[in-house]
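Student: Could you take me through the ligand site in this model, with the criteria behind each value stated as you go?

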Amino acid sequence: MNIKTKEIPKDTEITDTPVKTVETNHRMQVISLLIIASVAIPIIAFPEAAKVNINVVFKWMTNTFDFAFLSIGLAALIFLLSLAFSRHGSIKLSADKDAAPEFSKGAWGAMVFLAGIASGLVLWGGTEWGYHYAWTPFGLEAKSLEMYTVAQGYGIFHWGPTAWALYCVPTIAISYIYYVRKKHIYKVSESCRGALGNLVDGPLGTIINYTFIFGVLGAAATSLGLGTPMISGALAEVLGVSSGIYMDMTVILVCTAIFSVSSGLGLSQGIKRLSTFSTLLTLAIVAYILVVGPTKFIIGLGMDSLGYALENYIKMSTWTDSVNKSGFPQAWTVFYWAWWVAYAPFMGMFVTRISRGRTIREVITGMLTYGSLGCALFYMVLGGYGINLQMTDVLQVSELVNSEGVATAIIEIFKTLPASGLILLCVAASGIVLLATTFDSAAYVMACTTTKELDEGQEPERSNRLFWCFAIAILPLTLMFLGGLKSMQTASVLVGLPVMAILVLMMITTIKYINEDNA
Ligand code: NM2
């Protein structure tokens, strides 16, 4: 993800306010640090008990609130589609009604897509089917031929329109307030004002802003905790050394260092170019796999699984499996929705900054289609390649995923490619940059939240940004020390729940404001 201060559009009609000095809210920083420490210290001190408790928390949260996550995902999609195709869809997100969009459609779509993903898409695109193939939804027969299509289709669903709708709700809420109501918001609480009124100026607003911060911290912990072992595994393979927790820590610290140097020396533009380059590199790897792999099979299976996802969309969106209690939708769909939700306000802030001049309809349809299709492409190609490896007995990917985890499985998949050393090097390099830019952007928005007041064009203090950069690394480091997929997933599930409430408040605010302004 990549939010750069220099991309902030200057919307000249937005009211001028006197320039104040930027002041960091140290109290908020200290409280956040204390909360992080209260989670991290017990995990490090009592890892065995922590593991057990994390599993209990994950199960309880996903089982108790499954209906809420699923229905809000669906509600977000329905809300956005009805808004896009209503007369309000043509509302322009700009102070100047005749202004052309700031970025071309293609550039905008690419930026939205890149902002929404980090290293997770490569990791899960290649391996998620391996889990569903062995532990099936809808009581289907495990490890049957049919399951290849179903498993891949389920993955495409988890990165599809509902997921992108969760990203899009804050985007529309924040953009509307920013461009149409002409109020520069740097705090998430402001986008709940329509629902809560002046309550957002009191403790409730503060709670909302903390919730946002912990949403990003939890979601980033999942991304970094899962993405780092893939990068360190690839590096270890290339360097011929063994990977492990120390290598993982080094990767996280290198990412932190890249961010610190770029922030300290004002290298934002350089890092941005590097980030674009690494994304292109990732796309090139996907194209390479499509060409050197079984092209026809990959395309065919991709179409089959896309068809499966479309045909079963409603069923997958509402399935809680209350009678059979397999736990599948809780372990997967609910986890995914929580992960997307936790990132959503952060994503909303970014997409707002690049969407000036677009209509509400364009933003909604663009996010849902570019986002879903981009993710489906990764799932089809990487997943299809992995499935072929298993079907031709080259590599038992599903077994590997279940016994060794996703990071090991994806490295083994890449190792079967021609010129695998070079590919692994590219995967590691692009992964580091994608994670570093995630640190960078996340630290930036959190620094905005912990700045007392920020006028247009002003930036949070550099020390504030650096503080968040290091604070973000604490939780993933702790969770990696603990290990296991559930620990990484629990971070998102825990923070996703309260952020989901913010999404509901944002939907109410948007509806209220649009109705008031267009009565
Ligand atoms: N989402 C899109 O790790 C990543 O790729 C970040 C993950 C929320 C599932 C985004």
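Tutor: What follows is a close look at the ligand site and the cavity around it.

This is a predicted model, in which local features need pLDDT of at least 70, side-chain atom pairs count only at pLDDT 80 or more, and totals for chains, interfaces and linings use all residues. Residues are numbered from 1 along each chain as its sequence is written, and side-chain values use heavy atoms, with hydrogens and water left out.

The shell around the ligand (residues with a heavy atom within 4 Å of it) consists of G116, I117, A118, S119, G120, L121, W159, Y167, S223, W339, W340 and Y343. By residue class, this shell has 8 nonpolar, 4 polar and no charged residues, where Ala, Val, Leu, Ile, Met, Phe, Trp, Tyr, Cys and Pro count as nonpolar, Asp, Glu, Lys and Arg as charged, and the others, Gly among them, as polar.

Polar contacts are pairs of N or O atoms within 3.5 Å; within protein, one atom must be able to donate a hydrogen and the other to accept it, and residues adjacent in sequence count only if both atoms are side-chain atoms. On the backbone side, a polar atom of A118 lies 2.8 Å from an oxygen atom of the ligand, and a polar backbone atom of G120 lies 2.9 Å from an oxygen atom of the ligand. From a side chain, S223 places a polar atom 2.7 Å from a ligand oxygen. Of the 310 Å² of accessible area that the ligand has on its own, the protein covers 99%, as computed by the Shrake-Rupley method with a 1.4 Å probe, where for residues only the protein chains shown count as cover.

The ligand sits in the largest cavity, in the sense that more than half of its atoms lie within 2 Å of the grid points of that cavity. A cavity here is a set of points, on a 1 Å grid over the protein atoms alone, where a 1.4 Å probe fits but cannot get out, and its lining residues have an atom within 4 Å of a point. The elements that give two or more residues to the ligand shell are α5 (120-134) and α14 (328-354), with helices taken as DSSP runs of H or I of at least four residues, numbered from the N terminus. The largest share of that shell, 3 residues, comes from α14, and α14 also gives the most to the lining of the largest cavity, with 4 residues.

This largest cavity holds about 140 Å³ of space, a volume being the space filled by probe spheres set on the points, which are joined across faces, edges and corners. Its lining numbers 13 residues, of which G116, W159, Y167, W339 and Y343 are the closest to the centre. That lining divides into 9 nonpolar, 4 polar and no charged residues.

For context, the model has 5 cavities of 30 Å³ or more, and the second largest has a volume of about 80 Å³. Among the 13 residues lining this second cavity, V122, T282, I285, V427 and S430 are the closest to its centre. Helix α18 gives the most to the lining of the second largest cavity, with 4 residues.

Definitions and conventions: On a 1 Å grid over the protein atoms alone, a cavity is a set of points where a 1.4 Å probe fits but cannot get out, and a pocket is an open set with protein on both sides within 12 Å along at least five of seven lines; lining residues have an atom within 4 Å of a point.
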